[in-house]
Amino acid sequence: MKGAPTMDRLLYGSAYYDEYLPYDRLATDVAMMRDAGHTVVRIAESTWSTLEPQPGVFDFSHVDRVIDAMTAAGIDVIVGTPTYAVPTWLAAAHPDVIAETRNGPGRYGTRQNMDILNPAYRLHAERVIRALLERTAHREGVIGFQIDNETKYYDSASPDVQRAFVRHLRALVGDDLGELNRRFGLDYWSNRVDAWEDFPDVRGTINGSLGAEFDKFRRTLVDDFLAWQAGIVREYARPEQFVTQNFDFDWAPGWSYGLQPSVNHFTAAKAVDLAGTDIYHPTQSRLTGKEIAFGGDVIRSIKDGAGYLVLETEAQGQMGWLPYPGQLRLQAYSHLASGAVGVMYWHWHSIHHSFETYWKGLLSHDLEPNPTYLESGVVGREWREHAGALVGLRKANRVAIMVSNEALTALQWFAIDTGFPAAMSGSAVSYNDVLRWVYDALFDLNVEVDVVPVDADAELLSRYAMVLTPALYVAPQDTLDALAAYVRDGGHLVATLRTAVADEFVTVWHDRAPHSLTDTFGMSYQQFSTPDGARLALAGALASGAASAGGAASAAGAPDAAASDSERPEARHLVELLVPHEGTEVLATYAHPAWGDYAAITRHAVGHGSATYLGTVTSAQVLRDVLTLVLREAGLWDWPQDLAADAPTVRVRRGVNARGGQLTYLLNYSGAATRVASPVAGRSVLGGVDVAAGEPLEIGAWDLVILES
């Protein structure tokens, strides 16, 4: 596998489905794309049944005509393998290609309903991939291939998946069934397995350790499936053509929100040259840029900081996403500011039937120019003119968030606020809620981050002055040892509630929490509960005002001694009753008649490093104040953090472009214009004028300024 491709221009375009259009308008669409400065389309990934209407009978007429037309117009093409939506004839001939899930046998009709291990599915998928690649890989205008689409394991628990899981367990423990029963606690409720042939259907398990291991195993199926497809594609692809995949995210509360439960992005990304992603987000008055930045930071990090391609994002999108004037342009630049090499909309045209009729593309159902399409033309022309300054953005961030699919899964089994499965107990808070609580606070402080996996080694951690571990419920001992060493070596660690509770098999450690990190954090706890009205009594530097940007106390960090309980900030979802060690600074206690003697937030100095722990979920303001203390201590407070207080709707994203210039993006996520003093001296990329440090800058509503130093 080659490395990420070098881009000398930005990719800008959309998914294009000639198969879906009500009449032949290919020439018109190509002309409209050229007028709007579009440089690329993505085709074919959704239409297996059109490409292969009967087994072994192929029809590539739509593919050929689109590639011909785009190539003649100088528009590049990304060809997608069409394997995520199986044709009717395959389901009829081999019903077992449709996955069985925890809800029973699947039915044909929706997409992504297959068992990706099924032999018949693999056989026919390979045939269509090879036929499509033979037809397209040699074409001059084809620059890359997308393998599958938003691939997951689709909750498949089909017999072949369960047999493979048993093989996985036997590789884990050998033939030692005693070790299997011990490791997963199967004596409970008589779940012991004393003969491999008696291993039960996993869908019925009440054992969180075994259930979490099944999900961990199924994530590896995605790794294997993508590597299998990529291997086939590379037999045909030319050296300069890239292989990508559009990784997506947890979908809540209606858009791209958090870490994807069904894919380990870090391991799955090994199959591709260029990381791709699908990022959908709220817009109109709710556009903040947070989802764009979060998704970009995750996907950039899975390929060690390399540029990534946004293969799907909204144009007009679903109801409530029609962008206000200026927002489509601001959104496009926001992706670039996180390190994207290009942006593609899903999709070019709105379709006229079926499930996503009202998930609208750049063009509405009338297929005529409209304000959203016209604004895309502004972006396309600007990107063509200023590509030299905008391509190749790289970042050197000093803050990292450690994420864990295993912790996410475990906290679905043992919900943060109930201790029982989230789906059964109606849990109000998830792993991704805690992750986004932490990420969003950093974003609001203009702190840019990388994302690192739970198995990050000492060398990777040493790149960062500050590491955060939101809800790291599950972690192997090696990770906890690495975090302790990171602090001893001068790093600054911030952890939240439900960190270091269980090992990698979701077995709760049998010592005081947080396991093996009590000396690092300078505290321990034995008990926890729901808040039952508990509030926070702020203390130490958090109450004195030392956390605020200007040295004066913020509203939530104001001196707290005289505040009534009702005026104090809430403790939310869960309270861990922390017992600080001697020498540990208490930043907050619980204002509660039973728990007032316990700490809620602590900070502990270890050599030149520090470890801060939040034993409850707080308001966003309290969290920002805690993070401010750590950022200052770590030497990470700079002008972007001051600007966050002075211009709260402006977000700063920075990096170095391909020609070595320092780029500073100032993005105004507001319907009102704002004025800021230029934080750096440089040339306005889009304005074409030199700007002095301190010079007033006007940033319009839903607008931006880019400075190159």
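## Pockets

How much space lies in the largest pocket? About 1,200 Å³. Keep in mind that this is a predicted model. The lining of this largest pocket is made up of 37 residues, and the ones nearest its centre are Tyr-84, Arg-111, Gln-112, Phe-355 and Glu-356. Sorted by class, that lining comes out as 16 nonpolar, twelve polar and nine charged residues. If you want a secondary-structure element to look at, try helix α2 (residues 48-51), which gives the most to the lining of the largest pocket, with three residues.

The second largest pocket holds about 720 Å³ of space. Its lining has 25 residues, with Arg-102, Asp-155, Asp-215, Arg-218 and Gln-412 lying nearest the centre. Three elements each give two or more residues to the lining of the second largest pocket: α8, α14 (405-413) and α15 (422-425). Of these, α8 supplies the largest share, five residues. By class, the lining of the second largest pocket splits into eleven nonpolar, eight polar and six charged residues.

## Salt bridges across the chain

Side chains of opposite charge can pair when their charged atoms come close. There are 48 salt bridges in this structure. One of them takes you straight back to the second largest pocket: Arg-102 and Asp-155, both among the residues nearest that pocket's centre, pair up through their side chains at 3.2 Å, N to O. These two partners come from distant parts of the chain, 53 residues apart. Arg-102 sits in the loop between β4 (100-101) and β5 (104-105), while Asp-155 sits in the loop between β6 (142-146) and α6 (159-173). Asp-155 has a relative accessible area of 22%, so it is classed as partly exposed.

Another pair to look up is Arg-130 with Glu-235, whose closest N and O atoms are 2.9 Å apart. Arg-130 belongs to helix α5 (residues 119-136) and Glu-235 to the loop between α8 and β7 (242-247), so this salt bridge ties together parts that are 105 residues apart in sequence. Are the two partners buried, partly exposed or exposed? Arg-130 is at 23% relative accessibility, so it counts as partly exposed. Glu-235 is at 53%, and therefore counts as exposed, the cut-off being over 50%.

## A local pair and a network

Arg-203 and Asp-201 also meet side chain to side chain, in a salt bridge of 2.8 Å, N to O. Arg-203 is partly exposed at a relative accessible area of 28%, and Asp-201 is partly exposed at 38%.

Some salt bridges share partners, and that is how Asp-297, Arg-300, Lys-395, Glu-448, Asp-450 and Arg-653 end up joined into one network.

## The α7–α8 loop and its nonpolar patch

Which residues make the nonpolar surface patch of about 380 Å²? They are Tyr-188, Trp-189 and Ile-206. Ile-206 is in the loop between α7 (177-184) and α8 (208-234), and Trp-189 lies in the loop between α7 and α8 too. Ile-206 has a relative accessibility of 42%, so it counts as partly exposed. Trp-189 reaches 60% relative accessibility, which puts it in the exposed class.

Trp-189 has something else to show you: its phi is positive, about 50 degrees, although Trp-189 is not a glycine.

## More backbone oddities

Asp-304 is another residue other than glycine with a positive phi, near 55 degrees. You'll find Asp-304 in the loop between α10 (290-301) and β11 (308-313). With a relative accessible area of 51%, Asp-304 is exposed.

Two cis peptide bonds are also there to check. In one, Ala-252 is joined to Pro-253, with omega about 0 degrees; Pro-253 is in the loop between β8 (250-251) and β9 (256-258). In the other, Trp-346 is joined to His-347, with omega about 5 degrees. His-347 is found in the loop between β12 (340-345) and α12 (371-385).

Terms used
Residues are numbered from 1 along each chain as its sequence is written. This is a predicted model: local features need pLDDT of at least 70, side-chain atom pairs count only at pLDDT 80 or more; totals for chains, interfaces and linings use all residues. Side-chain values use heavy atoms; hydrogens and water are left out. Patches are made of residues with over 30% relative accessible area and no salt bridge: like charges are joined within 9 Å, nonpolar side chains (Val, Leu, Ile, Met, Phe, Trp, Tyr) within 5 Å. Accessible areas come from the Shrake-Rupley method with a 1.4 Å probe; for residues, only the protein chains shown count as cover. A salt bridge is a side-chain nitrogen of Lys or Arg within 4 Å of a carboxyl oxygen of Asp or Glu. Helices (H or I, at least four residues) and strands (E, at least two) are DSSP runs, numbered from the N terminus. Buried means under 20% relative accessible area, exposed over 50%, partly exposed in between (1.4 Å probe, protein chains only). On a 1 Å grid over the protein atoms alone, a cavity is a set of points where a 1.4 Å probe fits but cannot get out, and a pocket is an open set with protein on both sides within 12 Å along at least five of seven lines; lining residues have an atom within 4 Å of a point. Grid points are joined across faces, edges and corners, and a volume is the space filled by probe spheres set on the points. Ala, Val, Leu, Ile, Met, Phe, Trp, Tyr, Cys and Pro count as nonpolar, Asp, Glu, Lys and Arg as charged, and the others, Gly among them, as polar.
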